[in-house]
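Subject: Structure handover

Hello,

Here is the structure for your files. My notes on it follow below.

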Amino acid sequence: MRRCLFRCLFACVRYIPSIRRAGINIGSWLRLVVARGLVDYCGKGANIEYGCVFNEGGRGVRIGNYAGIGIRAQIGPYVSIGDFTMMGPDVIILTRNHRFSDINKPMCLQSYLDYKPVIIEDDVWIGQRVIILPGVTIGKGSILGAGAVIAKSIPQYSIVVGNPAQVIKSRLHAIE
């Protein structure tokens with residue numbers, strides 16, 4: 001019942017614009033207050049931009065300290081977002097898929113596979129329109145380039161681009 005109430009409240013506040021009054025971003029503050037009642041954990045200093053959707057009511061979602069959820073992001077259930085994570089607009093994080101193994105039955109009638117949680121470790125930068133598929137772990141300090149489709153887990157401090165995503169460099173050896 002409580003989660004249902006917060007789902008309704010979040011639907012009301014998710015499109016409030018980011019307006020500053022007395023040093024406070026009112027839209028972001030309202031989204032954060034309501035999200036704390038919706039998701040399993042929402043850390044100190046987190047920022048949730050307008051248009052964000054927590055699919056299935058934010059069940060199993062954990063948002064770390066000072067993590068930023070991007071504009072119009074779609075976050076599936078059972079997603080863990082680490083501290084200091086930055087997320088661009090239109091990011092999609094999926095945690096399950098349709099069944100399709102029975103060729104004698106339409107795919108839309110085969111229900112869903114089990115959830116596969118997504119883990120995003122600390123200090124990750126997720127570019128605009130990145131899609132993260134079920135069961136993936138994004139290693140600490142990684143950078144996911146805009147438009148990347150992440151189908152496999154990413155090692156720590158990796159720089160990743162493309163569809164399918166490819167590790168192009170390690171931040172441990174990067175020269176700026």
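Two strands are said to pair if DSSP finds at least two bridges between them. Helices (H or I, at least four residues) and strands (E, at least two) are DSSP runs, numbered from the N terminus.

This is a predicted model, in which local features need pLDDT of at least 70 and side-chain atom pairs count only at pLDDT 80 or more, while totals for chains, interfaces and linings use all residues. Residues are numbered from 1 along each chain as its sequence is written, and side-chain values use heavy atoms, with hydrogens and water left out.

Strands 18 and 19

Strand 18 (158-161) pairs with strand 19 (residues 166-170) in the antiparallel sense, over four bridges. One of the partnerships is between V161 and Q166 in strand 19. The two strands make a hairpin with four residues between them, and G162 in the turn has a positive phi of about 95°. Strand 18 also pairs with strand 16 (residues 143-144), this time in the parallel sense and over two bridges. There, I143 has I159 of strand 18 as its bridge partner.

Y157

Y157 lies in the loop between strand 17 (149-150) and strand 18. Its relative accessible area is 22%, so Y157 counts as partly exposed (buried is under 20%, exposed over 50%, partly exposed in between, with a 1.4 Å probe and protein chains only). Not counting residues up to four places away in sequence, Y157 touches K140, G141, S142, K169, S170, R171 and L172; contact means heavy atoms within 4.5 Å. K169 is twelve residues from Y157 in sequence, and their C-alpha atoms are 8.7 Å apart.

The parallel sheet

Five strands form an open sheet in the order 3-6-9-12-15, with parallel pairing. Strand 3 (41-42) and strand 15 (137-138) are at the edges with a single partner strand each, so one side of each has no neighbour in the sheet. Strand 6 (residues 62-63) and strand 9 run parallel and are joined by two bridges, with R62 partnered by S80 in strand 9.

The core

The largest nonpolar core (buried Ala, Val, Leu, Ile, Met, Phe, Trp, Tyr and Cys residues joined through side-chain atoms within 4.5 Å) has 38 residues, and F54, I63, I75, I132 and I150 have the most contacts inside it. At least two residues each come from helix 1 (2-13), helix 2 (26-38), strand 9 (79-81) and strand 12 (118-120). Helix 2 gives the most, with four. Beyond its neighbours within four places in sequence, I75 contacts C52, V53, F54, N55, V61, I69, I81, M87 and I93.

Regards
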